[in-house]
Amino acid sequence: MAAWQKWWVTLLFLIPALIAGSGILLWYFQSEAAARLAINWLATPGGQLTLVVFAIYFIILAVGTIATAIFRPTTVKQLTIVRDGAYQVNIDRGSSREKSPPLTGTV
């Protein structure tokens, strides 16, 4: 996976982590004045719309993650030559396609 793709995945999953952390903090400090203000705002139509937008974002993120996991190609770029219990010898599939002299030649 390219570095820019890793950054995008990190940013996409950082948003739900921050929202979940905020929700836990609101629940833990619900008697505080600032938390009361935030909880009261979430009860307004604007707060409800914000919660719906977050829920839609979570659903799209979950469906995208599941689709990526299911439809990702399962081919590997290595060819297993020998497997003996826990030990195995792998080579790159690209190197096995290179033109090499035949192994059945005469001496």
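The exercises below work through the fold, surface and pockets of one chain.

This is a predicted model, in which local features need pLDDT of at least 70, side-chain atom pairs count only at pLDDT 80 or more, and totals for chains, interfaces and linings use all residues. Residues are numbered from 1 along each chain as its sequence is written, and side-chain values use heavy atoms, with hydrogens and water left out.

**Exercise 1. State which helices and strands the chain has, and their order.**

Step 1. Helices (H or I, at least four residues) and strands (E, at least two) are DSSP runs, numbered from the N terminus.
Step 2. The chain has four helices and two strands.
Step 3. Along the sequence the pattern is α-α-α-β-β-α.

**Exercise 2. Describe how strands E1 and E2 are joined.**

Step 1. Two strands pair if DSSP finds at least two bridges between them.
Step 2. E1 (residues 78-84) and E2 (residues 87-92) run antiparallel and are joined by six bridges.
Step 3. Asp84 has Tyr87 in E2 as its bridge partner.
Step 4. The two strands form a hairpin with two residues between them, and Gly85 in the turn has a positive phi of about 65°.

**Exercise 3. Find what share of the chain is buried.**

Step 1. Buried means under 20% relative accessible area, exposed over 50%, and partly exposed in between (1.4 Å probe, protein chains only).
Step 2. Of the 107 residues, 4% count as buried.

**Exercise 4. Identify what lines the largest pocket.**

Step 1. On a 1 Å grid over the protein atoms alone, a pocket is an open set of points where a 1.4 Å probe fits, with protein on both sides within 12 Å along at least five of seven lines; lining residues have an atom within 4 Å of a point.
Step 2. The largest pocket has a volume (the space filled by probe spheres set on the points) of about 360 Å³.
Step 3. Its lining includes Met1, Phe13, Leu61 and Arg72.
Step 4. Helices H1 (3-28) and H3 (45-71) are the elements that give two or more residues to this lining, and H3 has the largest share, five residues.
Step 5. With Ala, Val, Leu, Ile, Met, Phe, Trp, Tyr, Cys and Pro as nonpolar, Asp, Glu, Lys and Arg as charged, and the others, Gly among them, as polar, the lining divides into six nonpolar, four polar and one charged.

**Exercise 5. Do the same for the second largest pocket.**

Step 1. The volume of the second largest pocket is about 190 Å³.
Step 2. Among its lining residues are Ile19, Leu42, Phe54 and Phe58.
Step 3. H1 and H3 each supply at least two residues, and H3 gives the most, with five.
Step 4. This lining has seven nonpolar, three polar and no charged residues.
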